[in-house]
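Let's take a walk around one helix and its surroundings. Have the sequence and the structure open side by side as you read.

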Amino acid sequence: MLNQSKLPQVLSNTKIQYCHQDRLAIVYIRQSTLQQVERHGESTKLQYGLVEKAYQLGWRKEQVLVIDDDLGRSGSNAEGRPGFQRLVAEVSLDRVGIILGIEISRLARSCKDWYQLLEVCALFRTLIADTDGIYDPSSYNDRLLLGLKGTMSEAELHVIQQRMVAGKKAKAKRGELGMLLPVGYIRRLSGEIIQDPDEQAQSVIALVFDLFERFSTINAVLKYLVVHSIKLPHRERSGLLKGELVWKRPNRPTLNNLFHNPTYAGAYVYGRRPTDPRRKKPGRP
C-alpha cells in the first residue's frame, strides 16, 4: 500500500507552489480616469475584492500588498504610473509570488510595457492571475495566451480612441462640440452661448478691444490696464466657486489668447492646435 505521508505536498492549484506563497501577493488596481473612479465605483470594489481571492489561494493577510497608486491614470504608457513602476520593481527584487488583476488591461495597455512585465515575471517565477485563471509566464502555453491578451488589450485601446475621435469630429462638424469659452462668454444649460450677463464684464472686454484698435500692440494694452488697475473678468470652471465671476490681474498670455480667439468674431472653430506625440508629457493627456 502506498504511504501517502511520504508523497510531496502539492497545493490544490498545481501552478501555485510553496516558492510562490513564500513571497508577496500583489493586488494591482487601476482606473483610467478620475471620472471613472467617481462614477464607476462598482469596478473599483471588484478590484479591491481580489484581496479575498488572494486569501483563498493561500496567502496570509500580511503577505497581501495592494497597489492602487494608479487610480485615475491611463494604462497606455508606464510613464506617469508610479504604481506600475513599483510593481515591476517589486517583482525584479524577487519579492512577488503572484500578481492579481481584475483583467489584463488593468496592468498595461501597451505591448512594450506588458512584455517587459512578462519577461521579469518569467525570470523571477512570478504568477499572474485574473478573473479567467492563473498563468505562469515561464510556461510556453501560458506565455502565448498572455501575449495574445496583451495584444488584444492594446488593440482595444486604439479602437476606443478611434471611436472617440470620430465622434468628437462628427460633433464638431455640427457645431455642437462644447469647448472652453473665452472670457466674456458663458454657456446656458440649453447649450446656447451668450455674452456674460454682468455689464461690468461686458464693458471691460469691449474696452480691451478698443484699446487694441487704438494701440495695435498687446504690450501697450497690458500697460494701460495695469496703470489704470483694470482687472479682467473670469468665470470659475471648477471647485466650490464654479460659475462665480472673479476678477484677475491681466497678463500677456491671457491677452494674447483673447485677441486670437475666433469666438469674438462670431466663428465656431475646431482643431486650432495640432497634436505632436513627441512633445507629450508623461501622465498627461
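In this predicted model, the buried residues of helix H10 pack against three elements: helix H9 (199–215), strand E8 (232–235) and helix H11 (252–260). Which residues of H10 are buried? Look along residues 218–227 and you will find Ile-218, Val-221, Leu-222 and Leu-225. These residues lie on the same side of H10, because they cover an arc of only 100° around the axis. Now turn to the face pointing away from that buried side: here sit Lys-223 and Val-227, both exposed.

The two ends of the helix are worth a visit too. At the N-terminal end, Thr-217 acts as a cap for H10, with a side-chain oxygen placed 3.3 Å from the backbone nitrogen of Ala-220. At the other end, just after H10, you meet Ser-229, whose phi is positive at about 55°.

Next, follow two of the packing partners, H9 and H11, to see how they sit relative to each other. Their axes come within 12 Å and cross at roughly 85°. Angles of 65 to 115 degrees count as roughly perpendicular, so that is how H9 stands to H11. From H9, the residues making this contact are Ile-205, Val-208, Phe-209 and Phe-212, while H11 brings Leu-255, Leu-258 and Phe-259. What kinds of residue meet here, nonpolar, polar or charged? The contact of H9 with H11 has seven nonpolar residues, with no polar and no charged ones.

Note on methods:
Residues numbered from 1 in each chain as written. Predicted model: local features only at pLDDT ≥ 70, side-chain atom pairs only at ≥ 80, totals over all residues. Heavy atoms only, no water. Buried < 20%, exposed > 50% of the residue type's maximum accessible area, 1.4 Å probe, protein only. Helix = DSSP H or I, 4+ residues; strand = E, 2+ residues; numbered from the N terminus. Arc of directions from axis to C-beta. Contact = heavy atoms within 4.5 Å. Polar contact = N/O pair within 3.5 Å; in protein donor to acceptor, adjacent residues only side chain to side chain. Axes fitted to C-alpha atoms, helices over the stretch in contact; angles between N-to-C directions. Parallel < 35°, antiparallel > 145°, perpendicular 65-115°, else oblique. Nonpolar A, V, L, I, M, F, W, Y, C, P; charged D, E, K, R; others polar.
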